[in-house]
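The exercises below are meant to be worked with the sequence and the model side by side. Each task is followed by a solution that goes step by step.

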Amino acid sequence: MTNIPSVDLADFLSDDPSRKQKFINEIGNAYEEIGFVALKNHFLSDELVDNLYGEVEKFFQLPTETKKGYEREEIGGQRGYVSFGKEHAKGKKEGDLKEFWHFGQEVAPDANIEEDYPENVIVKELPDFNKTGMEAYRMLEKTGIYVLRALALHIGIDEHYFDHWASNGNSILRPIHYPPITSEPDNAVRAGAHGDINLITLLMGASAPGLQVQRRDGEWLDAIAQEDELVINVGDMLQRHTNNKLRSTIHRVVNPPRELWHTSRYSIPFFLHPRSDMKLNCLDECIDENNPKQYDNITAGEFLHQRLVEIGLIKK
Ligand SMILES: O=C(O)CCC(=O)C(=O)O
Ligand SMILES: [Fe+2]
């Protein structure tokens, strides 16, 4: 049982226009309401997911000193390792009870892209870590672009509008380790209530309990997906661009009950970001008399910078 609607990407990819439209309606309605769906028939194979989890668990088991050697504070942790407790939800002072890794975009040399992304950090101890991470990155990016096509049709803009912005975008794959809890955490939680920064998030790992999403009436619901489903939600950039038509739902990861404190939790979100020069200005299609323009104009790059300061990864 899950509290979030389940949708099937095979419907969108079908030759049957009514199945394609069914997918568009289901995901569009879900994103105007709860802001989350569980998606099956994405492009990640079970084998790739298993391999990635294997590599990620091995990485987080490395000695703390080794992991810290992969930390890149000068780029706000946008690549490599970010230590336990460093990131906090916007507006909260206690750090989240998590450590994580960031894989970023790798643009083909002939892609003719001006954007200059920081280099990925290579883990020397684990020969397959980076290769496996980037394979998953590609499959999640591909899945995400199809989801954005469905959303473009739902909004009433060209199906391929987002393709240019999302391909070679500033997306991040973030394997997270929430370690066992060893003492009373007071106000700290595994992940404090937040909205994601980016356009959409594709999450592997919501088959393990902990993730909760906030309904419009304030109620918190457990978001549990099937093993083979990705949980996909709208982030603040897309909410802003669609003038609140699509909802970036607040979510959090709660601490387990005391008898499970000794267990780790792993999850792997893919934060699909556009290129930094994408204008997030509210789309004309989403503005009318009843819903006037709610946000000032801003680019994705400017918005990201603001938020990285607000969550403690960049010092002003
Ligand atoms: O660990 C999870 O299930 C969700 C993590 C999350 O919401 C995030 O990193 O933005
Ligand atoms: Fe999140």
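**Exercise 1.** Is Q212 buried, partly exposed or exposed, judged by the other C-beta atoms within 10 Å?

Solution. Begin with the ground rules: the model is predicted, and local features need pLDDT of at least 70, side-chain atom pairs count only at pLDDT 80 or more, while totals for chains, interfaces and linings use all residues. Residues are numbered from 1 along each chain as its sequence is written, and chains are lettered from A and ligands numbered from 1 in the order in which they are written. A residue is called buried if 20 or more other C-beta atoms, placed from the backbone, lie within 10 Å of its own, exposed if 12 or fewer do, and partly exposed in between. Q212 has 19 such atoms, so it is partly exposed. As to its setting, Q212 belongs to strand β9, residues 211-214, where strands (E, at least two residues) and helices (H or I, at least four) are DSSP runs numbered from the N terminus.

**Exercise 2.** List the residues in contact with Q212, leaving aside its neighbours within four places in sequence, and give the C-alpha separation of Q212 and G312.

Solution. Contact requires that the C-beta atoms of two residues, placed from the backbone, lie within 7 Å. On this criterion Q212 is in contact with W220, L221, D222 and A223, and also with H251, R252 and V254. G312 is 100 residues from Q212 along the chain, and their C-alpha atoms are separated by 23 Å. G312 itself comes just after α8 and takes a positive phi of about 90°.

**Exercise 3.** Describe the shell around ligand 1 by its residues, their character and the elements that supply them.

Solution. A residue is counted as near the ligand if its C-beta atom, placed from the backbone, lies within 6 Å of it. The residues so found are I176, A191, D196, L203, G205, A206, L211, H251, V253, S267 and P269. Two or more of these residues come from β12 (251-253), and likewise from β13 (265-272). Sorting by character, with Ala, Val, Leu, Ile, Met, Phe, Trp, Tyr, Cys and Pro as nonpolar, Asp, Glu, Lys and Arg as charged and the others, Gly among them, as polar, gives 7 nonpolar, 3 polar and 1 charged.

**Exercise 4.** Which residues does UniProt list for the Fe2OG dioxygenase domain, and how far apart are the end C-alpha atoms of that span?

Solution. The unreviewed UniProt entry lists residues 168-274 under this name; such annotations may be inferred rather than shown by experiment. In the model, the end C-alpha atoms of residues 168-274 lie 8 Å apart, and the span is 6% helix and 35% strand. N168 lies in the loop between α6 (163-166) and β5 (172-173). Although N168 is not a glycine, it has a positive phi of about 60°, and with 19 other C-beta atoms within 10 Å it is partly exposed. N244, in the loop between α7 and β12, is likewise not a glycine and has a positive phi of about 75°; N244 has 15 other C-beta atoms within 10 Å and is partly exposed.

**Exercise 5.** Which residues of helix α8 are buried, and why do they line one face of the helix?

Solution. In α8, residues 300-310, the buried residues include A300, F303 and L304. Seen down the helix axis, the buried residues of α8 fall within an arc of 100°, taken over the directions from the axis to the C-beta atoms, so they line one face. An α-helix has 3.6 residues a turn, so residues three or four places apart point the same way. Among what covers the buried residues of α8 is α7 (236-241).

**Exercise 6.** How many helices and strands does the chain have, and how does its radius of gyration relate to the globule rule?

Solution. The chain has 8 helices and 13 strands. Its radius of gyration, taken over C-alpha atoms, is 19 Å, close to the 20 Å given for 316 residues by the globule rule (2.2 Å times the number of residues to the power 0.38), so the chain is as compact as a globular protein of that length. Of its 316 residues, 41% count as buried. Among contacts with a separation of 6 or more, 75% are between residues 24 or more positions apart.
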